[in-house]
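Trainee: I am new to this structure and would like a close look at a single part of it. Please take the enclosed spaces and what surrounds them.

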Amino acid sequence: MKYDRVQEADPDVAAALEAEVDRQRDTLAMIASENFASEAVLEAQGSVLTNKYAEGYPGERYYGGCENVDTIESLAIERAKELWGADHVNVQPHSGSQANMGVYLAVLDPGDKILSLDLTHGGHLSHGHEVNFAGQLYDVEHYEVDADSGRIDYDALREQAEAFDPDIVVSGYSAYPRQVEWERVQAAADAADAYHLADIAHITGLVAAGEHPSPVGIADFVTGSTHKTIRAGRGGIIMCDEEYADDVDTAVIPGMQGGPLLHNVAGKAVGFEEALQPEFEEYAAQTVENAAVLGERLQEHGFELVSGGTDTHLVLVDLRGSHPDVTGKEAEQALEEVGIVLNANTVPNETRSPFVGSGIRAGTPALTTRGFDEDDLREVADLIAEVVDNVDDEDVKAEAAERVQQLCDANPLYE
């Protein structure tokens, strides 16, 4: 990839862009929330739609000259409906967090109650952490995963919902490696006469491909990111029944955003079209299989996985059992030195700071996009084990870096 026009206008930015392409090509991207968009999606996101303002919705804009962007946004909406089976879709949120904000603004008042999974147990900032807007505007109580199994205790969740009496129950998580039983969360919400928001930011693609059960038609609201496992343009999405359509749309504009990022909406439309092709189901299935193999191999090396394994695209490793003296941050940094990029993560019953963590989270969406298969993931697991076992051994890390480069060369990116 070359950035000739950027080079002419701004050599410093061009150099950073080209360095980033090289970094992505020559490292193993295992941050579970990252993926590689196709060049078609990248082209759409870099298009002339950057120039256009179109506050409002297709057919109901505040500005003129919107006939082409109306077509593109309508395509994104219709393709999303086909992918997830939703009655109503809003594709304008700039991120998954803003999609959640849109739902809160649609049905909650400041001070209303949110019941959501604790961040250190796999939840998300925008589900009500105290440093986030949701935690500052609303009365939030958190549920936790079971201490022994690492899984959600749905009976305990229902009891907590009945006691706390929330206005909305939030499901869908950022570091929970198991399938979510949406009906049982809905039962907890029903017991409290609360709304149910299912945030599928991480698993949008898995749900679309049938690799994870769908909350659409069960939860009142479904939100997500559009650039993770679904590999579309960067941003967020809200899905709901028609009865909530006007409230959601009004919450997005004028409630929390002005003009939509139409170049990103175009990227969403293109990515959704790609996800409607048969090959996408193969990709999603391979992503899940790769994660399972990664987890199994890490367990063979003595690593402990939260919940004992994975049903999804990620594994969450608790280092305290196998490597009590290695923090998540130390493991992250050592692995990045050899070209394996994942993230330190908190684990249930965390004893360290969230900025340090006792675990690491590793995902397979981006590697699968590059063409990695089960054998590749076994080798990746071997490399992770070698490096974490020897975080201060420069010889071990040098050898691992060479093997990482070989894997990258065998699975080229953006040729």
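How do the residues of the lining of the largest cavity divide into nonpolar, polar and charged?

Mentor: They divide into six nonpolar, five polar and two charged. Here Ala, Val, Leu, Ile, Met, Phe, Trp, Tyr, Cys and Pro count as nonpolar, Asp, Glu, Lys and Arg as charged, and the others, Gly among them, as polar. Before going further, note that this is a predicted model, in which local features need pLDDT of at least 70 and side-chain atom pairs count only at pLDDT 80 or more, while totals for chains, interfaces and linings use all residues. Residues are numbered from 1 along each chain as its sequence is written, and side-chain values use heavy atoms, with hydrogens and water left out.

Rolling a probe the size of a water molecule over the atoms shows where empty space is left. A cavity is a set of points, on a 1 Å grid over the protein atoms alone, where a 1.4 Å probe fits but cannot get out; lining residues have an atom within 4 Å of a point. Grid points are joined across faces, edges and corners, and a volume is the space filled by probe spheres set on the points.

Searching the whole structure gives three cavities of 30 Å³ or more. The largest cavity holds about 100 Å³ of space. It is lined by 13 residues, of which Tyr173, Tyr176, Val180, His202 and Ile203 are the closest to its centre.

The second largest cavity holds about 50 Å³. Its lining is made up of His124, His127, Gly172, Tyr173, Ser174, Asp199, Ile200, Ala201 and His202. By class, that lining has three nonpolar, five polar and one charged.

Two of these lining residues, Ala201 and His202, lead to Lys228. Leaving aside neighbours within four places in sequence, Lys228 is in contact (heavy atoms within 4.5 Å) with Ser33, Asn35, Ala201 and His202. Lys228 lies in the loop between strand S9 (221–225) and strand S10 (236–240); strands (E, at least two residues) are DSSP runs, numbered from the N terminus. Lys228 is buried (under 20% relative accessible area, 1.4 Å probe, protein chains only) yet has no salt bridge. A salt bridge is a side-chain nitrogen of Lys or Arg within 4 Å of a carboxyl oxygen of Asp or Glu. For Lys228, the nearest side chain of opposite charge, Asp199, is 6.9 Å away; Lys and Arg count as positive and Asp and Glu as negative, with His and the chain ends not counted.

His127, from the second lining, also touches Ser116. Ser116 is in strand S5 (residues 113–117) and counts as buried because its relative accessible area is 0%.

Definitions and conventions. Helix = DSSP H or I, 4+ residues; strand = E, 2+ residues; numbered from the N terminus. Buried < 20%, exposed > 50% of the residue type's maximum accessible area, 1.4 Å probe, protein only. 1 Å grid on protein atoms, 1.4 Å probe; cavity = no way out; pocket = protein on both sides within 12 Å on 5 of 7 lines; lining within 4 Å.
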